[in-house]
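Here's a quick look at one model, starting with a single residue and moving out to the core and the pocket. Have the structure open as you read.

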Amino acid sequence: MDKRGRFVAEIREAAKARGLPFKVETGRGKGGHAMIWVGDRFTTLPSREIDPKTARKIRKALGLD
């Protein structure tokens with residue numbers, strides 16, 4: 001599993017721990033990007049590897065910081 005896959009798994013677990021719904025749609029993003037939802041919040045998930053700075057921004061956007 002690549003870094004992006006591990007990051008998605010971490011987000012899924014964090015959402016589950018908080019009792020929030022989780023969804024990823026690969027068809028909604030541009031290029032290889034994906035849209036990721038946790039509860040009523042969403043953000044774009046880049047198609048590249050997720051570095052620590054990007055991971056923090058995504059977690060903050062999803063309310064998981």
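## Threonine 54

Leaving out neighbours within four places in sequence, threonine 54 is in contact with Pro46 and Arg48, where contact means heavy atoms within 4.5 Å. Threonine 54 sits in helix α2, helices being DSSP runs of H or I with at least four residues, strands E runs of at least two, both numbered from the N terminus. Its relative accessible area is 14%, so it counts as buried (under 20%, with a 1.4 Å probe and protein chains only).

This is a predicted model, so local features need pLDDT of at least 70 and side-chain atom pairs pLDDT 80 or more, while totals for chains, interfaces and linings use all residues. Numbering runs from 1 along each chain as its sequence is written, and side-chain values use heavy atoms, without hydrogens or water.

## The core

The largest nonpolar core holds 14 residues, and Phe7, Ile11, Val38, Leu45, Leu62 and Leu64 have the most contacts inside it. Such a core joins buried Ala, Val, Leu, Ile, Met, Phe, Trp, Tyr and Cys residues through side-chain atoms within 4.5 Å. α1, β2 (34-38) and α2 each supply at least two residues of this core, with the largest share, 5 residues, coming from α1.

Beyond four places in sequence, leucine 45 touches residues including Phe7, Ile36 and Ile58.

Technical notes:
Buried means under 20% relative accessible area, exposed over 50%, partly exposed in between (1.4 Å probe, protein chains only).
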